[in-house]
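Please walk through the model below with attention to its strands, its ligand site and its unusual backbone geometry. The paragraphs that follow take these topics in turn.

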Amino acid sequence: MATAVAEQPNPLTEGLERLPVHPTSLVIFGATGDLSHRKLVPALYNLAHDGSLPERFNLIGVSRSEKAHEDYRADMREAIQKFSRTPPDPDVLEKLLENAKYIPGLFDDDAAYAKVASALDEYDQEAGIVFNRIFYLSTAPEFFPVIVEKLGTARLQHCEHAETRVVIEKPFGRDLASARELNRRVLEVFDESQVFRIDHYLGKETVQNIMAFRFANTMFEPIWNRNTIDHVQITAAEDIGIGTRAGYYDQAGALRDLIQNHMLELLANVGMEPPAGFPADKVRDEKVKVIESIQPPRVEDVPKTAVRGQYASGVVGGEPVPGYLEEKGVREDSKTETYAALRLEVSNWRWAGVPFYLRTGKRLARKVTEIAIQLKPVPYLAFQAQGSLGVQPNELVLMVQPDEGVTVSLSAKIPGARMRIRPVNMEFHYGTSFLSASPEAYERLILDAMRGDATLFTRNDEVDALWRVVDPVLQYWQETDDPVPQYPAGSQGPEEANALLRDAAQWRPL
Ligand code: BG6
């Protein structure tokens, strides 16, 4: 009986379709780096495993260290075994890696690009077809412009009879001016339609669901505005520290690392108007509009609208952990923030007067990413005298991770003779509704880049708009002598962040 049930197609997974993808050669610059090991190559494996990768697919890794093709394949095999979402099937794994090549080279050395060009040509000649080409820049950011320019010098930005695209990792610039300069240099070589700037949050199923939730249901739109919404709280908390990433993180900080990109993109998804259609630019036009409606604070007002913090030693998961300044590779007098919170306002007809609170940090009490939409209280609560317990305004929480779903808190009558009210939750969970694990963000994004669909990638004017929001905060924090508030590792973050909240708002407990 159990077997018969297992053989039935699962109706809940209907619609998880495979999309046609043109044969593709993917070149990863920074192929021996952490991102490539942990995310990119395991994502390729899972695409292959699900049958989503094009039938003909080639992988080329480029990095500085010397390595034979076979050693690169062995490293990637190990990375997949360690980090893949699904346990690797040896046949799929071998097929994925059998053609993989490795090219050692310095990113500013023309010879490396000549080798890349001939490896790509070889693939085409052997197969007798012209593969689309994707150059994936997964290096330290200082190499982005160099690689793009060298690709141009080697005439690799176009290929007759096939598409060429470039995928650029974050961080895209370190402030407005440098992001503009990077855009200028990239667009000197590639056309905007070829450029795919990654923000991996946009590839998360739960983030894409924000649009589905808002624009495929009629019930939310009437309340989705300043008349009913009191405030919006967006949290991206992590319990981990900076690990071995001090070199990058100490130069970046929480504002650049998460707020400028991931969290403002979450805000854009919550705040945007319905797009007139789903082509990439229609969606991105709406996102740009809402980001441009955020009023960047004046530099002198930053202390009233932004709070930073740095983790001190503490206890996480029952284990003592060092403070940020004791982490290996961090400058001993570093003022880099590991926590940042902002109060933003979106100045348009839908949102005027509704505060958007954003907070993120390392070494907080737990990992959670969520968007909580707090509605206004009812105008008058008739049951107060009856001993109601904790009546709260409705709250709608879009849970991005680790729980994936949506909850709505409602007030309900406690069973019994009296009219007593307490909050209850109505919940939707991906796991129970779809009975399938969500793909990793990178799987979706790599596939979209191969298909040429830029909807979930950041356009140049969007990058500009995002940096404009955080630039004054960066500037103030860089120039001020104010000490950086400390918070114990494993805590809720610095108490100073409470001062950002207006009226009776409170940060949701982590
Ligand atoms: C990255 C940041 O972009 O996002 C990291 O550089 C952060 O510092 C990570 O840990 C969080 O991603 P996720 O998918 O685990 O929420």
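Ser-409 has Asn-425 as its bridge partner in strand 16, and Glu-395 stands opposite this serine, which belongs to strand 15. Strands here are DSSP runs of E with at least two residues, helices are runs of H or I with at least four residues, and both are numbered from the N terminus. Strand 15 (residues 405-413) pairs with strand 14 (residues 395-401) in the antiparallel sense over 5 bridges, and with strand 16 (residues 421-429), again antiparallel, over 9 bridges, where pairing requires that DSSP find at least two bridges between two strands. The connection from strand 14 to strand 15 is a hairpin of 3 residues.

This is a predicted model, in which local features need a pLDDT of at least 70 and side-chain atom pairs count only at pLDDT 80 or more, while totals for chains, interfaces and linings use all residues. Residues are numbered from 1 along each chain as its sequence is written, and side-chain values use heavy atoms, with hydrogens and water left out.

In the loop between strand 14 and strand 15 lies Pro-402, and the peptide bond that joins Gln-401 to Pro-402 is cis, with omega about -5°. Gln-401 also takes part in the ligand site, since an N or O atom of its side chain is 2.6 Å from an oxygen atom of the ligand. For Asp-257, a side-chain N or O atom likewise lies 2.6 Å from a ligand oxygen, and for Lys-170 the distance from a polar side-chain atom to an oxygen atom of the ligand is 2.8 Å. Taken alone, the ligand exposes 400 Å², of which the protein buries 81%; these accessible areas come from the Shrake-Rupley method with a 1.4 Å probe.

The shell around the ligand also includes His-200, Tyr-201, Lys-204 and Arg-245, a residue being counted if one of its heavy atoms lies within 4 Å of the molecule. By class, the shell divides into 7 charged, 3 polar and 1 nonpolar, with Asp, Glu, Lys and Arg taken as charged, Ala, Val, Leu, Ile, Met, Phe, Trp, Tyr, Cys and Pro as nonpolar, and the others, Gly among them, as polar.

Lys-170 is joined to Pro-171 by a cis peptide bond with omega near 0°, and Pro-171 sits in the loop between strand 5 (164-168) and helix 7 (176-189). In the loop between helix 6 (144-153) and strand 5, His-161 has a positive phi of about 70° although it is not a glycine.

The protein chain averages a pLDDT (the predictor's confidence in each residue, from 0 to 100) of 93, and 95% of the residues score at least 70. Over residues 1-7, however, the pLDDT is below 50, and beyond near neighbours in sequence this stretch has 0 contacts in the model, a contact meaning heavy atoms within 4.5 Å. Where pLDDT is low, the predicted coordinates should not be read in detail.

Conventions: A polar contact is a pair of N or O atoms within 3.5 Å; within protein, one must be able to donate a hydrogen and the other to accept it, and residues adjacent in sequence count only if both atoms are side-chain atoms.
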